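Work through the exercises below with the coordinates open. Each task is followed by a stepwise solution.

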Amino acid sequence: MKVFMTGGTGFVGSYLAGFLINKGHVVTILTSLLESPAAQIAGVSYLPGNPTKPGDWQDAVGEHDVLINLAGASIFSRWTPNQKQIMLESRIETTRNLVNAIGKDKANKMTLFSTSAVGYYGFHEDDILTESSPPGNDFLARLAVEWEKEALLAAAKGVRVVITRFGIVLGKNGGALGQMIPLFKYFLGGPLGSGRQWFSWVHIHDLAAAFIFLLDHPEMSGAVNLCSPNPVRNKDLARAIGQLLHRPSIMPAPGFMIRLILGEFGDVLLKGQRVIPRRLIDAGFEFEYPLIEDGLRNVIAG
């Protein structure tokens, strides 16, 4: 299939693009900054354009069978009013421009995968959350609701829309572990706050494999959680990282200090949510890395 991607040059997007190429798909990545030849992915075509702005790039959308919408400003920062606006607009405008580029004559033959996050559900302590659980009411949950709403407008054109709610993605050379591992190596790693908060995660290989699985199951649409069936508490995550790196993992980062430094974003790290990929499990998807120990071992020691 011919695949069109926004956000395809980032940590998740570059891995997914390479994965799709290896499975025989043709991939075009829309990017506002063309990568240097050394950074480009073999077999991927790059189309210049800013997804947050309408432009000539929209003419290419209809030439593809699958749209994968990954673009959006990072949430890993202090959430000032200005940063919140950037996070919202980068997601809403990109998704709106992508949906507007879909012509009705080809819409019923297209699939749109639009990213969201398990933050959609808000904070529920030990409650088990699935795709049928209601949204939360914090900023990140409201952001996810608006983002998903914009993508679902494509369904009115006849497009098959799959909302992929990502857990925290674990992989090599980036993502959450790229920020956590250096702390452990310098003996500064440990649980955040109480360490009891749930951490819903997914190995980047399983995330990419889930996209292929969903392509092969056209009957599936709507929200799909892309996370391991075995979320872990933050303290258990820290312990597993420490064991693999042969570093102590008992030094907790005080919750008040995290909130002082990160503000509202600190709650995302200190509260978390316990999310299960019910729809993938029921459809028969098999995770290669269902347990945190195996996933971390592959990333850290593999």
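**Exercise 1. The largest core**

Which residues of the largest nonpolar core touch the most other members? The model is a predicted one.

*Solution.*
1. Start with the membership: the largest nonpolar core holds 36 residues.
2. Rank them by contacts to other members. Met5, Leu20, Ile68, Leu226 and Leu280 come out with the most.
3. Now assign the core to elements. At least two residues each come from β1 (2–6), α1 (11–22), β2 (26–31), β4 (66–69), β7, α6 (204–215) and β11 (222–226).
4. Find the top contributor. Helix α6 gives the most, 10 residues.
5. For context, nonpolar side chains in soluble globular proteins tend to be buried together.

**Exercise 2. Around Ile68**

List what Ile68 touches, leaving out residues up to four places away in sequence. Then look for another core.

*Solution.*
1. Ile68 touches Val3, Phe4, Met5 and Thr6.
2. Its other partners are Leu16, Leu20, Phe113 and Phe211.
3. A second core, separate from the largest one, has 19 residues. Among them are Phe4, Trp57, Met110 and Leu112.

**Exercise 3. A helix pair**

Describe how α2 and α4 cross.

*Solution.*
1. Two packed helices are described by the angle between their axes and the distance between the axes.
2. Take the distance. The axes of α2 (residues 81–100) and α4 (residues 139–152) come within 8 Å.
3. Take the angle. The axes cross at roughly 15°. Angles under 35 degrees count as roughly parallel, so α2 is roughly parallel to α4.
4. Assign the hand: the crossing of α2 and α4 is right-handed.
5. List the contact residues. Helix α2 brings Lys84, Met87, Leu88, Arg91, Ile92, Thr95, Arg96 and Val99. Helix α4 brings Phe139, Leu143, Glu146, Trp147, Glu150 and Ala151.
6. Sort them by type: 8 are nonpolar, 1 is polar and 5 are charged.

**Exercise 4. Two threonines in strands**

Is Thr164 buried or exposed? Do the same for Thr31, and list the contacts of both beyond four places in sequence.

*Solution.*
1. Thr164 sits in strand β7 (residues 160–166). Its relative accessibility is 0%, so Thr164 is buried.
2. Thr164 contacts Phe113, Ser114, Thr115 and Ser116. Phe211, Leu214, Val224 and Leu226 are also in contact with Thr164.
3. Thr31 belongs to strand β2. With a relative accessible area of 7%, Thr31 is buried.
4. The partners of Thr31 are Thr9, Tyr46, Leu47, Pro48 and Gly49.

**Exercise 5. Positive phi in loops**

What is the phi of Glu125? Repeat for His246, then place both residues.

*Solution.*
1. Recall the background: most residues other than glycine have a negative phi.
2. Phi of Glu125 is near 55°, a positive value in a non-glycine residue.
3. Glu125 lies in the loop between β5 (111–117) and β6 (128–129). It is exposed, at 67% relative accessible area.
4. Phi of His246 is near 55°, again positive and not in a glycine.
5. His246 lies in the loop between α7 (234–245) and α8 (255–262). Its relative accessibility is 69%, so His246 counts as exposed.

**Exercise 6. A loop glycine**

Where is Gly263, and which residues does Gly263 touch beyond four places in sequence?

*Solution.*
1. Gly263 is in the loop between α8 and α9 (265–271).
2. Buried means under 20% relative accessible area. Gly263 is at 18%, so it counts as buried.
3. Gly263 touches Arg78 and Ile258.
4. Check a separation: Gly263 and Leu245 are 18 residues apart along the chain, and their C-alpha atoms are separated by 30 Å.

Note on methods:
Residues numbered from 1 in each chain as written. Predicted model: local features only at pLDDT ≥ 70, side-chain atom pairs only at ≥ 80, totals over all residues. Heavy atoms only, no water. Axes fitted to C-alpha atoms, helices over the stretch in contact; angles between N-to-C directions. Helix = DSSP H or I, 4+ residues; strand = E, 2+ residues; numbered from the N terminus. Parallel < 35°, antiparallel > 145°, perpendicular 65-115°, else oblique. Left-handed = near helix turned anticlockwise from the far one by under 90°. Contact = heavy atoms within 4.5 Å. Nonpolar A, V, L, I, M, F, W, Y, C, P; charged D, E, K, R; others polar. Buried < 20%, exposed > 50% of the residue type's maximum accessible area, 1.4 Å probe, protein only. Core = buried A, V, L, I, M, F, W, Y, C linked by side-chain atoms within 4.5 Å.
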